[in-house]
Amino acid sequence: MEGHKKTNAVARWEENHSSLKLFDVSFGDDDTQFSQELRLASPQGDRLSYVAGIYYWYQKAQTNRLAVSGSDLIPGFTLEIPQSGDVVTNSYAAFVHGEYRLTDDLSITGGIRYTKEKKDLNYTQLGEPLFIDFVNFQDKYSDDAWTPNIGLSYQIDDDKLLYATISRGFKSGGWNADYVVTTDIGFDSEYATSYEIGAKTEWLDNRLRLNVAGFITKYIDYQVFQFVPVQGGGLIFSLTNAGEVTTKGVEIELTARPVDDLILTANFGYTDATFDRFKNGGGAGIDFDGNRLPLAPKITLSFGAEYHFEISEAVRSYIRADYSYRGGMYHNPNNVRPQFYTSGYDLFDARAALILNRTGLEIALWGKNLFNKTYDRNKWVTFLGTSASQYGLPRTYGVEVKYSF
């Protein structure tokens, strides 16, 4: 398996969001990635199956940014703060995963992965007087981890399966190669241990499918973005490590086909995601212990209905309607309302399509956010302290043509 990807992004941002000309920031980001994986799979066997392999991943992330003061900040004077940097990552891994059938109904699965990552930083920031100066600052970072997993599954009958798994995850550390106010710009690796139990079932001659899962995940040195105050005023966006985090919850998936041409779906998720320990998260003596994680709504919910029918031997059609709900969530670990809080919102989508059987052509009319709901996708504070929001798309609709061959 091989992959190569290159992306470029350019943006310009006005920090004060007003008619005053105070600060403009331009962003230019380039990202190049390459990956290669080689696998060896076991021959078909009665009891044992396995896959082993090696993996390589390369990334070069480059950024060039320029903050320029406007004429209303300091009349007659222009302040420019350039910043540039690149991080090169080389990641190597080897893994093996297998399943052994202890009996016809009971199986054990397990595997282990070893990952070694090396990173190199080259960073420059001419930040005075608001920030600090880095000139051709270079640094290296490396870490490695063993991440095992093990599970049991029991096949009650052809339509019902019970399972339980334990797994360990790893995310390497790095640097905040953005506008910074301290020489300590690094963050550490994150580790997670997950526990999950669940059931996958089908009922009523496969007309009803019900899947249920419960999970608990424990994080050490959880990596979290937050807005950090700057001495003398202002806020910057920074990635740091919280001490310990626990997420736990349940997920339910339901699919029903009461008649041959009608498909009904429902999904429900409940997640309790909190900081167990985040000392000095808001500065010296300000702890975030017990706060909710950013971007972690407690409730997510969706319903869907899709009906298929034939118009003629050459033409068939379907209509589909979807409802989704996403509960309220915070966008910063300080859990301040309303500055960093988005209330829950629901959306309605629909789609109607014609399929020309003999040509492979599908023509569809679709609409999203049909009731034109106004909702926040993201909320933050600019460097100058201005509250800002990114709104979700309003009502949108269109025509889509697909051809299959």
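## A walk through the model

Start by selecting Arg337 and Tyr341: Arg337 lies over the face of the Tyr341 ring, 3.8 Å from the ring centre. Keep in mind as you click around that this is a predicted model.

For a second example of a charge over a ring, jump to Lys368 and Trp366. Here Lys368 sits over the face of Trp366, at 5.7 Å from the ring centre.

**Next stop: aromatic pairs**

How many aromatic pairs does a search of the whole structure find? It turns up 18. One to pull up is Tyr219 with Tyr222, an edge-to-face pair with 5.1 Å centre to centre and 75 degrees between the planes. Those two values are what you need, since a pair of aromatic rings is described by the distance of the centres and the angle of the planes. Turn on a surface and you'll find that Tyr219 and Tyr222 are both buried.

Now add Phe275, Phe278 and Phe288 to the selection. Together with Tyr219 and Tyr222, these residues make up a cluster linked by ring pairs.

**Then: a pocket**

Select Gln226, Val228, Ser238, Thr240 and Gly281. Of the 31 residues lining the second largest pocket, these are the closest to its centre. The space in there comes to about 650 Å³.

Which elements give two or more residues to this lining? Colour β9 (186–187), β11 (208–229) and β12 (235–256) to see them. The top contributor is β12, with 7 residues. If you colour by residue class instead, the lining of this second largest pocket shows 16 nonpolar, 13 polar and 2 charged residues.

**Last stop: three strands**

Show the backbone of β3 (residues 48–69) and β4 (residues 80–101). They run antiparallel, with 21 bridges joining them. To find your place along this pairing, pick Ala61, whose bridge partner in β4 is Val87.

Now bring in β5 (residues 106–125), which is antiparallel to β4 and joined to it by 19 bridges. A handy marker here is Ala93, which stands opposite Thr115 in β5. Follow the chain from β4 into β5 and you pass through a hairpin with 4 residues making the connection.

With side chains switched on, there's one pattern worth knowing: in a regular strand the side chains alternate between the two faces of the sheet.

Technical notes: Residues numbered from 1 in each chain as written. Predicted model: local features only at pLDDT ≥ 70, side-chain atom pairs only at ≥ 80, totals over all residues. Heavy atoms only, no water. Phe/Tyr/Trp six-rings, centres within 6.5 Å; stacked < 30°, edge-to-face > 60°. Buried < 20%, exposed > 50% of the residue type's maximum accessible area, 1.4 Å probe, protein only. Lys NZ or Arg CZ within 6 Å of the ring centre and 35° of its normal. 1 Å grid on protein atoms, 1.4 Å probe; cavity = no way out; pocket = protein on both sides within 12 Å on 5 of 7 lines; lining within 4 Å. Points joined across faces, edges and corners; volume = space filled by probe spheres on them. Nonpolar A, V, L, I, M, F, W, Y, C, P; charged D, E, K, R; others polar. Pairing = 2+ DSSP bridges.
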